[in-house]
Amino acid sequence: MGLFFCVIGHPIEHSLSPWIHGQFLNMSGKQGIYRTLDVPEKELGQTLQFLKKLEIDGFNITVPHKERIIKYLDELDPLAEQMGAVNTVVHKEGKWFGYNTDGKGYIRSLQSEYPDLFEDQTDKKALIIGAGGAARGIYFALMDSGFKQIDLANRTVERAHQIKSSNISTDVFSLQEAEEQLGIYDLVIQTTKAGMYPNVHEHPLSPMNVKHRAVVSDIVYRPIETTFLAAARASGARIHFGHGMLLYQAAFSFELWTGIPIDPAPLLTPLEQKLKGE
Ligand code: ATR
């Protein structure tokens with residue numbers, strides 16, 4: 001019998017996960033299907049009961065259920081626990097195990113394009129813009145990867161204080177303060193929804209004063225090149241697109257389900273073309 005996976009979210013119709021996991025199934029020579037399940041908040045419990053009976057091999061869980069899923073799991077990975085959010089559930093011998101591959105996926109995507117960022121991290125400074133779930137995941141994964149100074153900037157400064165860990169050095173700024181001192185950072189990561197389709201002209205701050213050759217990254221992938229990234233490129237930064245994170249977090253999920261490691265790099269260009277509607 002083939003493998004059976006799905007992604008649960010709401011809304012979910014534009015999810016790229018079925019395409020990505022379909023490619024992974026082909027690449028690994030496995031038989032299986034991956035479907036979307038559109039589940040509003042109040043129907044989560046009954047949907048999960050149904051999936052348990054179906055003996056699904058694993059599933060992804062996305063907005064708005066990443067936190068609420070936790071109470072339905074048998075075990076939780078320490079990283080997912082630290083983040084308070086799960087995006088991958090593995091079914092093993094009747095039990096459900098929760099993981100979070102978002103932050104790790106983001107780091108792996110960045111590392112595969114800019115390995116130099118991960119050499120001598122002790123001297124490097126990173127700034128994360130935003131303080132939502134995505135920012136939290138990236139903050140902890142970046143910390144795990146060896147960065148020792150990770151600052152946070154957010155429109156609502158108080159939310160950024162809530163993420164801060166005592167294990168590393170973190171200063172918290174308003175967006176305006178961050179904009180003024182952008183030149184000190186080797187890595188700047190934009191995690192807010194500003195700039196996401198249809199608000200394509202928005203950006204949380206101007207990256208005009210970014211350090212030359214710094215890496216500026218945006219996790220928004222619709223459009224692929226946000227206003228923020230375009231301005232950073234014009235200011236001399238090296239840029240990193242958001243769709244890589246999507247592929248690498250999916251690869252980690254697939255590996256958790258099947259034990260098969262996947263290198264998703266060959267899918268970067270096809271995914272980019274898909275997102276551009278080519
Ligand atoms: P996610 O879990 O996807 O990260 P979230 O928890 O809704 O989403 O967080 C969204 C982030 O985007 C927050 O940092 C939010 O700032 P606030 O905490 O001040 O609300 C930020 N954000 C959303 N729209 C923004 C905008 N137009 N300009 C600046 N920041 C914005």
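This is a short walk through helix packing, the ligand site and a few backbone details in a predicted model.

Quick housekeeping before the tour. Because the model is predicted, local features need pLDDT of at least 70 and side-chain atom pairs count only at pLDDT 80 or more, while totals for chains, interfaces and linings use all residues. Residues are numbered from 1 along each chain as its sequence is written, and side-chain values use heavy atoms, with hydrogens and water left out.

Okay, helices. Two packed helices are described by the angle between their axes and the distance between the axes. The axes are lines fitted to C-alpha atoms, for helices over the stretch in contact, and angles run from 0 to 180 degrees between N-to-C directions. Helices (H or I, at least four residues) and strands (E, at least two) are DSSP runs, numbered from the N terminus.

I'll use helix 9, residues 243–258, as our anchor. Take helix 1, residues 17–28: it packs on helix 9 at about 55 degrees, with the axes 10 Å apart. Helix 1 and helix 9 are therefore oblique to each other; under 35 degrees counts as roughly parallel, over 145 as roughly antiparallel, 65 to 115 as roughly perpendicular, and the rest as oblique. So who touches whom, with contact meaning heavy atoms within 4.5 Å? From helix 1 we have Ile-20, His-21, Phe-24, Leu-25 and Ser-28, and they meet a set in helix 9 including Leu-246, Ala-250, Phe-254 and Trp-257. The split in this contact is 9 nonpolar, 3 polar and no charged. For the classes, Ala, Val, Leu, Ile, Met, Phe, Trp, Tyr, Cys and Pro are nonpolar, Asp, Glu, Lys and Arg are charged, and the others, Gly among them, are polar.

Next partner, helix 4, residues 102–113. Its axis and that of helix 9 come within 7 Å and cross at roughly 120 degrees, which makes helix 4 oblique to helix 9. On the helix 4 side the contact includes Asp-102, Lys-104, Tyr-106 and Arg-108, and on the helix 9 side Met-245, Tyr-248 and Phe-252 are among the residues. Here the classes come out as 4 nonpolar, 5 polar and 3 charged.

Then there's helix 10, residues 268–275, which packs with helix 9 at about 125 degrees, axes 10 Å apart. That again makes helix 9 oblique to helix 10. His-243, Gly-244, Leu-246 and Leu-247 of helix 9 touch Leu-268, Leu-271, Glu-272 and Leu-275 of helix 10. By class, that's 5 nonpolar, 2 polar and 1 charged.

On to the ligand. Which residues come nearest? There are 13 around the ligand (a heavy atom within 4 Å), and Ala-131, Asn-154, Thr-156, Arg-159 and Lys-193 come nearest. Arg-159 also puts a polar side-chain atom 2.9 Å from a ligand oxygen. A polar backbone atom of Ala-134 is 3.1 Å from an oxygen of the ligand, and Glu-202 has a polar side-chain atom 3.0 Å from a ligand nitrogen.

Last, some backbone details. The peptide bond from Val-63 to Pro-64 is cis, omega near 10 degrees, and Pro-64 lies in the loop between strand 3 and strand 4. Arg-222 to Pro-223 is also cis, omega near 5 degrees, with Pro-223 in the loop between strand 11 and helix 8. And Asp-120, not a glycine, has a positive phi, near 50 degrees; Asp-120 lies in the loop between helix 4 and strand 7.

Methods
Contact means heavy atoms within 4.5 Å. A polar contact is a pair of N or O atoms within 3.5 Å; within protein, one must be able to donate a hydrogen and the other to accept it, and residues adjacent in sequence count only if both atoms are side-chain atoms.
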